[in-house]
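User: Could you take a close look at one helix for me and tell me how its sides are arranged and what surrounds it? I'd enjoy a connected account rather than a list.

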Amino acid sequence: MPAPHDGRYAPSPTGPLHLGNLRTALLAWLFARRAGGRFVLRIDDLDQGRSRREHEAGQLADLAALGLDWDGPVPRQSARADRYAEGLAALEAQGLVYPCWCTRAELREAASAPHGALPEGAYPGTCLRLTAAQRAEREARGRPPALRVRADAAVVTVEDRLLGPSTQVVDDLVVRRADGTHAYNLAVVLDDHDQGVGEVVRGADLAETTGRQVWLARRLGLAVPAHAHVPLVLGPEGRRLAKRDGAVTLADRRALGERPEQVRGLLAASVGLCAPGATPAMDELVAAFDPARLPREPTVLRP
């Protein structure tokens with residue numbers, strides 16, 4: 001069983017981490033360390049077309065420079081295809097998996113159609129309703145299908161330490177893409193279980209995928225971790241922080257003459273853990289941290 005307070009941070013190595021990413025990592029670390037839990041890392045590199053080892057190395061170096069330590073090795077999703085295949089086979093054994101030949105254009109069209117109990121933009125189960133003849137005709141074309149799970153618009157209640165409870169409807173999500181790559185939602189459920197993660201702390205933009213992951217964990221017979229979705233960091237114009245906002249990476253800040261502990265202080269001050277301009281040590285931040293006092297709304301950061 002996962003330990004209740006063991007946390008994680010799982011970046012995708014597609015570029016340098018910006019201040020918003022680094023603040024989420026800091027908060028995830030504080031959630032775990034304040035409760036006396038382990039903190040593990042993972043490299044979410046399912047997207048091999050965009051993932052780069054140099055980005056991975058840079059991300060780990062930035063986390064270490066800020067004072068974030070972690071427990072155990074740092075696995076890569078790209079090395080865990082066999083484990084994801086096991087999870088997929090377990091879903092297939094329950095009769096929950098079906099092939100989907102929908103093109104991107106067909107998916108866009110389906111997203112705009114009425115969805116009944118499903119949320120807007122959800123997959124409406126087009127390929128689930130194919131006749132035997134229609135399925136044979138698609139198989140004859142030779143184009144490999146994606147694989148989806150049949151969720152039957154399951155209703156899942158998600159408990160979130162910061163956002164409170166929410167009810168989410170699960171659509172027939174993809175668990176393996178047409179190119180053979182296992183999908184993120186399946187991978188992350190297995191990853192978190194195998195690393196013993198008891199609480200998932202991540203950005204609030206990912207809250208809407210939680211119902212899918214809770215549903216998958218239950219179908220796979222896995223313990224469901226607790227969740228806490230922390231507020232996003234916005235740039236000066238009120239949009240999600242990005243390169244356009246100036247010096248938004250640790251390397252950028254160092255080029256301006258700032259030390260990592262100053263950047264750490266900037267991030268901590270943005271959620272009320274210290275006064276602006278302070279450079280608190282990690283143990284001071286742990287002592288000051290109280291999840292109940294974190295802001296719930298996005299935070300504007302002026303790099």
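Analyst: Happy to; what follows is a walk around helix α3, and then a look at the nonpolar cores. Please keep in mind that this is a predicted model.

Let's start with the helix itself. Helix α3 covers residues 81-93. Its 13 residues, at 1.5 Å a residue, should span 18 Å, and the C-alpha atoms at its ends are indeed 18 Å apart, so the expected and modelled spans agree.

Now for its sides. Y84, G87, L88 and L91 are the buried residues of α3. Because they cover an arc of only 100 degrees around the axis, these residues sit on the same side of α3. The face turned away from that buried side carries D82, E86 and A93, which are exposed.

What does the buried side meet? The buried residues of α3 pack against three strands, β3 (97-100), β4 (146-149) and β7 (174-176), and against two helices, α6 (184-194) and α7 (210-219). After α3 comes G95, with a positive phi near 70 degrees.

To place this helix in a wider setting, turn to the cores. The largest nonpolar core has 39 residues, and L22, L30, F31, L63 and L267 touch the most other members. Among the elements that give two or more residues to this core are α1 (19-34), α2 (53-65) and β9 (226-230), with α1 supplying the largest share, ten residues. Apart from it lies another core, of 26 residues, and Y84 is among its members, along with L46, V158 and A187. Y84 is thus a buried residue of α3 and a member of that 26-residue core.

Note on methods. Residues numbered from 1 in each chain as written. Predicted model: local features only at pLDDT ≥ 70, side-chain atom pairs only at ≥ 80, totals over all residues. Heavy atoms only, no water. Core = buried A, V, L, I, M, F, W, Y, C linked by side-chain atoms within 4.5 Å. Buried < 20%, exposed > 50% of the residue type's maximum accessible area, 1.4 Å probe, protein only. Helix = DSSP H or I, 4+ residues; strand = E, 2+ residues; numbered from the N terminus. Expected span 1.5 Å × (residues − 1). Arc of directions from axis to C-beta. Contact = heavy atoms within 4.5 Å.
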